[in-house]
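Let's take a walk through this structure by way of its aromatic side chains. Have the sequence and the 3D view open as you read.

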Amino acid sequence: MLSAKLIFLVMLLVNFRSLPFAWHIRVFLPVLRLRLQYYLLRFRIMLKPKEIKAKILTDWGEALCPIGANPFELVTVQHGWATVDDSDYNGHLSNSSYAKALDAARLKLVLKAFPAFARSGGWMALGSTHYHFIQEIPFHARYQIRLSIGAWDHKWMFVIARYVTFPKNRRVIETNSDGAKPSKTPTTSSDFPRVSLRTPAEASVTPATPGDASEVDTSLQAEKTAEAMKALAAAQSRMIEPDGAVLHCVAISCICFKHGRITVPPGVILPCEGFSKPPSATSDLAFSPTNPPAHWRKAQALRVAPSGSVPAFAKFLKGGWRDVPEGERWWGDALDGPIEEQRRANLQVFDYIRKGMEATRSIR
């Protein structure tokens with residue numbers, strides 16, 4: 001009887017991350033932490049005058065926004081662990097666990113990139129997620145999920161998630177002359193070319209005479225080997241991040257912003273959160289909370305007293321932005337120039353995925 005209880009307790013401990021409400025705790029833990037910070041701040045200023053308290057709380061909320069950030073450079077990192085309950089019988093992270101871990105990572109991105117939108121009562125709906133598995137994450141390995149904004153259109157935003165690990169014996173990665181980064185990690189994806197280092201006998205370009213046959217063979221061998229090694233290094237470099245992390249999976253999430261049942265364009269929300277194009281070439285200072293972009297005051301005027309409020313900001317997002325005349329829509333200028341160029345280029349890549357998946361609906 002004692003051994004049965006012991007086995008039961010061990011099973012609970014081994015699978016504690018899959019117990020009831022464990023997923024909810026992991027997903028909403030960043031929200032709970034933020035709420036705790038908010039209530040602790042209110043407790044510290046409880047004896048201050050009402051007007052001062054309101055200003056301190058407003059400044060705290062506004063400081064959470066990514067003021068002056070480039071939307072393509074903001075990255076959030078979610079840490080994971082390939083535990084027993086998340087792994088399959090092959091001894092690596094189960095395919096279904098990638099989606100389970102991504103739920104928490106997406107909410108973390110929302111809190112970091114869109115705090116004002118969330119504070120106004122908005123939420124994000126998931127339209128689809130596409131996974132490209134490159135190589136397995138081994139059992140008991142610690143990994144990271146790196147989320148970044150890839151592109152957006154009038155309705156959808158595409159979020160890129162990169163699952164990476166760090167080798168135990170991580171070394172400084174040198175760059176070859178062609179820019180490829182060699183790696184000791186084996187290639188497992190079917191997308192990577194399979195290169196043979198042997199030179200077939202029939203590969204001779206010109207007929208060789210008996211006197212120079214060995215020289216021609218040696219030259220061809222060296223040339224073929226160099227080309228094969230270059231192709232192999234280029235293929236493997238796709239699995240190596242700039243900081244030396246090994247890429248295991250790439251996931252694309254297609255999400256949209258909602259206020260109730262109303263869809264809010266990403267191009268309106270991003271500038272309201274403080275995202276901006278880089279400063280002009282004549283400026284020596286980068287945008288930051290102490291040096292905000294020009295449109296930041298207009299965004300604050302929508303939700304910060306005395307000119308605005310959170311309900312007024314919510315009304316703007318629900319459709320009030322349509323009432324602004326075309327020539328006064330400041331949010332369009334905030335993300336033009338290089339940001340708009342990169343958005344258009346990236347969007348073409350994501351459109352291939354979206355249109356391809358939509359086309360499969362007609363396949364029977």
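Start at Phe 28, which counts as partly exposed because its relative accessibility is 40%, between the 20% that bounds buried and the 50% that bounds exposed. Keep in mind that this is a predicted model. Phe 28 belongs to helix H2, and it has company: together with Phe 21, Trp 23, Ile 25, Leu 29 and Leu 32 it makes up a nonpolar surface patch. The accessible area of that patch adds up to about 600 Å².

Now for the ring pairs. How many aromatic pairs are there? The count comes to 13. Take Tyr 38 and Trp 60: their ring centres are 5.8 Å apart, within the 6.5 Å limit for a pair. Why does the pair count as tilted? The planes meet at 45°, so the pair is neither under 30 degrees, as stacked rings would be, nor over 60, as edge-to-face rings would be. This pair ties together distant parts of the chain, with Tyr 38 in helix H2 (residues 22–44) and Trp 60 in helix H3 (residues 50–63), 22 residues apart.

Are these two rings buried or exposed? Tyr 38 has 22% relative accessibility, so it is partly exposed. Trp 60, at 23%, is partly exposed too.

Elsewhere, look for an aromatic cluster formed by Tyr 98, Tyr 131, Phe 133, Tyr 143 and Tyr 163.

Finally, see where charges meet rings. Arg 142 places its charged end over the ring of Trp 81, 4.8 Å from the centre. Arg 303 lies over the face of Phe 313, and here the distance to the ring centre is 4.9 Å.

Definitions and conventions:
Residues numbered from 1 in each chain as written. Predicted model: local features only at pLDDT ≥ 70, side-chain atom pairs only at ≥ 80, totals over all residues. Heavy atoms only, no water. Phe/Tyr/Trp six-rings, centres within 6.5 Å; stacked < 30°, edge-to-face > 60°. Helix = DSSP H or I, 4+ residues; strand = E, 2+ residues; numbered from the N terminus. Buried < 20%, exposed > 50% of the residue type's maximum accessible area, 1.4 Å probe, protein only. Lys NZ or Arg CZ within 6 Å of the ring centre and 35° of its normal. Patch = residues over 30% accessible without salt bridge, like charges linked within 9 Å, V, L, I, M, F, W, Y side chains within 5 Å. Areas by Shrake-Rupley, 256 points an atom, 1.4 Å probe, with all protein chains shown as cover. Salt bridge = Lys/Arg side-chain N within 4 Å of Asp/Glu carboxyl O.
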